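Visitor: Could you walk me through this structure, one question at a time?
Guide: Gladly; have a look first, and then ask away.

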Amino acid sequence: MATKQEVRRYLAYWFQLGKKVITGNGKASLLPQSVLNGDRYSAEFEECWQKIISPESGDCYLEGTHETIAELLTPAWDMLACGRCNMPVAARNVGMPALLCPCNDLPNWPNTELPAPREPIKTQDQLKTIRDRLVDNIA
């Protein structure tokens, strides 16, 4: 079962590649300009997330997919890595998987020469990890 955090992460990754979330049964779309803000998601992303999970928004789905966000939050779905681009994709945990990865209509993707989408990073934690690896290699 995909957790709320996994679905949120899934959207954050795809937003970083310019994918929109279609809302209001196709009447509008959401794409925050900023997804990350240091060690957390941006306020703009958080506002989009709240709109997406709000019942007033109607059916919402990631551009290039058929599954609604509400469906992804049910026990029938898991989040896995795409075999082609390693981005998070939705997969039914029983039955047939989704037909396409959202990356199928992105030209020049995957592109290993660009930084890949990511989650917020706690800089101090990352620096401590690097320091610990360096200390271990010296010893």
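Visitor: What share of the exposed area of the chain do carbon and sulfur atoms supply?
Guide: This is a predicted model, in which local features need pLDDT of at least 70 and side-chain atom pairs count only at pLDDT 80 or more, while totals for chains, interfaces and linings use all residues. Residues are numbered from 1 along each chain as its sequence is written, and side-chain values use heavy atoms, leaving out hydrogens and water. The chain exposes about 8800 Å² (Shrake-Rupley method, 1.4 Å probe). Of this area, carbon and sulfur atoms supply 52%.

Visitor: How many helices and strands does the chain have?
Guide: Both are DSSP runs numbered from the N terminus, helices being H or I with at least four residues and strands E with at least two. From the N terminus on, the elements run α-β-β-β-β-α-β-α-β-β-α. The count for the chain is four helices and seven strands.

Visitor: Which element gives the most to the largest nonpolar core?
Guide: A nonpolar core is a set of buried Ala, Val, Leu, Ile, Met, Phe, Trp, Tyr and Cys residues (buried: under 20% relative accessible area, 1.4 Å probe, protein chains only) joined through side-chain atoms within 4.5 Å. The largest one here has 31 residues, and those with the most contacts inside it are Leu 11, Trp 14, Ile 52, Leu 72 and Cys 85. Two or more residues each come from helix 1 (4–16), helix 2 (43–53), helix 3 (69–72), strand 6 (77–81) and strand 7 (88–92). With seven residues, the element that gives the most is helix 1.

Visitor: Which residues does Leu 11 touch, not counting those up to four places away in sequence?
Guide: Contact here means heavy atoms within 4.5 Å. By that criterion, the residues touched by Leu 11 are Val 21, Phe 45, Trp 49, Ile 52, Leu 62 and Ile 69.

Visitor: Which strands stand at the edges of the open three-stranded sheet?
Guide: Strands pair if DSSP finds at least two bridges between them, and this sheet has the order 2-1-5 with antiparallel pairing. Each edge strand has a single partner strand, so one side of each is left without a neighbour in the sheet; they are strand 2 (28–30) and strand 5 (61–62).

Visitor: Which residue of strand 5 stands opposite Val 21?
Guide: Strand 1 (residues 21–23) pairs with strand 5 in the antiparallel sense over two bridges. Opposite Val 21 stands Leu 62.

Visitor: Which residue in the turn between strand 6 and strand 7 has a positive phi?
Guide: Five bridges join these antiparallel strands. They form a hairpin with six residues between them. The residue in the turn with a positive phi, about 70 degrees, is Asn 86.

Key: Buried means under 20% relative accessible area, exposed over 50%, partly exposed in between (1.4 Å probe, protein chains only).
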